[in-house]
Each structure stands twice: as structure tokens, then as C-alpha cells.
Amino acid sequence: MEAFLPMFKNVMIFLALAIPGYIMVKTGSLKQEQSAVISKVFTAVGMPFLILSGTLGVELNAQTALNFLWAGLLGIAFTFLLYFVSAFLVTKYHKKEDDGANDEKHVKGMERFCAIFSNNGFLGLPLAAAVFGERTDIFAFLVIVNIINNTLMYAIGIYMVTGDKKDIDVKKILFNPVLVAFVVGLVLNLLGVHKVVPEIVTFSDYFKNIVTPLSMFILGVKMAGIKFSKMFGFWKTYYVSLIKLVIVPVICVGITILLNRFLGLDGDMILSMFVAFATPTAALGIAFADRYGGDIENGTIYTLGTTVFSVITIPLLYLVLCLII
């Protein structure tokens, strides 16, 4: 119970931060389309500085480099494993049931996307910072997995949502803000600039503090546009949530525990993989669907559904994990 309550409280606080956005849309003081500006601030300012601050706080040495390599390899391996496994988990397509969706490839593609990709940027990194605090290794490993997650979302993620390889944007894969911020932070750390000019860390911390409230505010705005009766009355919401919030983290964390016992990985790697894969569906899937003509309606329902259910699944799975390790 000591493990459950802190995680549960933090997840509940995060969800409560979505209330202002929800109320503002419902009262008419904010339009849903206006959240696009807030999203740009989040992705172009908040997240990069969160990554930069976290990278500057890591003590770089040979062991750290090895741990980073392991985090990256596990992030890639698990994503591709889930990509292939998800092809066998998608449900049978029914046009009437998926009313409003484009066609079979878009419906199934969005279902797979929502079962695989996690909301590490909006929820995972802020949650890790809030729960584990000064245990920077967990946060650092999660940063690496988040970079992998973002990079692959712009590759196989777009392909799943659209069903067309031509929509893959190579420039966005290589120059996404998260990757750029990590490279800059790594260079500054190696050069020791942050030790000579500590104001860089202070400056970064000011901006990183906007990530959690902004991310949840945006979520609240999105929630205001969905009828809860439709979201909770759709059986696929529960099916996709079961895969994303239970089956996926159990597979990834279980494999990491085995590797830890046989290869002696850093113990914090297990907690990092838990946060990385136990968090709800990445909101970027909705953005891809909106831009490239994918299944927006079901994508929104799955994303919000997994977010709501994660309030229970994350603390419970964390409790079980703490009992195991």
C-alpha cells in the first residue's frame, strides 16, 4: 500500500489538472481549436526544456553511456515487438460499428497505434519526475525511451495511422524537438557548460515546470469534445485499454526483469520501462489522423479512455511491481 498511494495520488493530481481545460471549453470561454496554440507551446518549448534539464542533471560516465544504450535498445526492441504482436490483436472490422471512420486500414491502424505508443511526453516524464524525484537515472532512461518513442511514432506510427508510407516525414523524425533538446543537453553536459554557467539549468527549470499543467490542460480540452456515454459505451475502448495499460506493460516489464536477472541491468531500468509502457496512449496519434486523414474519432476515444483508466491501472501495476522487485 505504501507503493500504491504515492503513485495513485500523483496520477489523481495529474488528472485533476485537466479540469480547468474541460470547464473552459464547456463554459464557452475557450474553443477546442484554440488548444492548438497551447499544444505548440508544449511541444516546442515545454518538452524540449524538460528534456534539456533532465539531461543536464545526469552524471555522464561509461556506466551511464552503457545504461543509455540499453534503454535505447530496449525501447526499439519493445516497440517493434509490439508492432508485430498488435497485428494479431486488432479486432474484426465492422463498418457499421466503426461509423465515421474512413475505412478498414485506418480503423485497424489507429487501433494498433493506440495499443502500442505511450504518452511519455505528456504524462510519463512528468509522472516520473513527480514520483521518483531525485532518482535521476529513472528519468534519464525514460528520456531515452521517449526519444525512441517519438522517433518511431513519426515513422511506423504515421504508417499505421495512414496506411501509406509516403506520409512518413524524415525531417520530423530527425529534427523533432525532443531529439534536438537531448543532443544539445548531452553536448552541454559533456562540455561542463552547466557547471560554469548554472543559470542554464535554472532557465531550463522555469520552462520545464509548464509541462505538466499544460499537458493536462490540453487533455481537459480534448475531453470536453467527447461524450462520456459514447466513450464508455464503446466496447473497443475497454479492449484497447486492456492491451495498452495491462498487457503491454506486463510484457515489456516482464522481459526487462528477466534481462535484469541474467544480464545485471541497472535496477532503475525496470521502473523506467514500467513508466514508459504503462502510460496511456500518445495523443500524437490524433494529430496524425487529423493531418493525414486517419481515424480521428476512434483515436480520440481510445486516447481519452486509456487516460481515464490509467488512474487505476498505473498505481495497481506499480504496487504489484514493487512487491515483485
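**F234 and its partner.** I began with F234 in this predicted model, and I noted that F234 counts as buried because its relative accessibility is 11%, where the cut-off for buried is under 20%. I then looked up Y302, which is buried as well, with a relative accessible area of 1%.

**Aromatic pairs.** I found the count of aromatic pairs to be 12. One of the pairs I examined joins F232 and F309, and because the ring centres are 5.9 Å apart and the planes stand at 70 degrees, I entered the pair as edge-to-face. F232 belongs to helix α13 (residues 228–232) and F309 to helix α17 (residues 296–324), so this pair ties together parts that are 77 residues apart in sequence. I checked accessibility next: F232 is partly exposed at 28%, and F309 is partly exposed at 22%. Returning to F234 and Y302, I recorded an aromatic pair that is stacked, with 6.3 Å from centre to centre and 10 degrees between the planes. F234 lies in the loop between α13 and α14 while Y302 lies in helix α17, so here the parts tied together are 68 residues apart in sequence. I also noted that F49, F203 and F207 form one aromatic cluster, and that the charged end of R112 sits over the ring of Y83, at 4.6 Å from its centre.

**Helix α9.** I compared the length of α9 (residues 177–191) with expectation: at 1.5 Å a residue its 15 residues should span 21 Å, and the end C-alpha atoms are indeed 21 Å apart, which agrees. I listed V178, A181, F182, G185, L188 and N189 as buried residues of α9. Seen down the helix axis, the buried residues of α9 fall within an arc of 135 degrees, so they line one face of the helix. The face turned away from that buried side carries L190 and L191, which are exposed. After α9 comes G192, and I noted that its phi is positive, near 70 degrees.

**S118.** I located S118 in the loop between α5 (104–116) and α6 (120–132), and its relative accessibility of 2% makes it buried. The side chain of S118 reaches the backbone oxygen of A276 at 2.9 Å. Leaving aside neighbours within four places in sequence, I found S118 in contact with several residues, among them N149, K244, F277 and P280.

**G254.** My last entry concerns G254, which lies in helix α14 (residues 235–263) and is partly exposed at 29% relative accessibility. From G254 to F203 I noted 51 residues in sequence and 39 Å in space, C-alpha to C-alpha.

Technical notes:
Residues numbered from 1 in each chain as written. Predicted model: local features only at pLDDT ≥ 70, side-chain atom pairs only at ≥ 80, totals over all residues. Heavy atoms only, no water. Helix = DSSP H or I, 4+ residues; strand = E, 2+ residues; numbered from the N terminus. Buried < 20%, exposed > 50% of the residue type's maximum accessible area, 1.4 Å probe, protein only. Polar contact = N/O pair within 3.5 Å; in protein donor to acceptor, adjacent residues only side chain to side chain. Contact = heavy atoms within 4.5 Å. Expected span 1.5 Å × (residues − 1). Arc of directions from axis to C-beta. Phe/Tyr/Trp six-rings, centres within 6.5 Å; stacked < 30°, edge-to-face > 60°. Lys NZ or Arg CZ within 6 Å of the ring centre and 35° of its normal.
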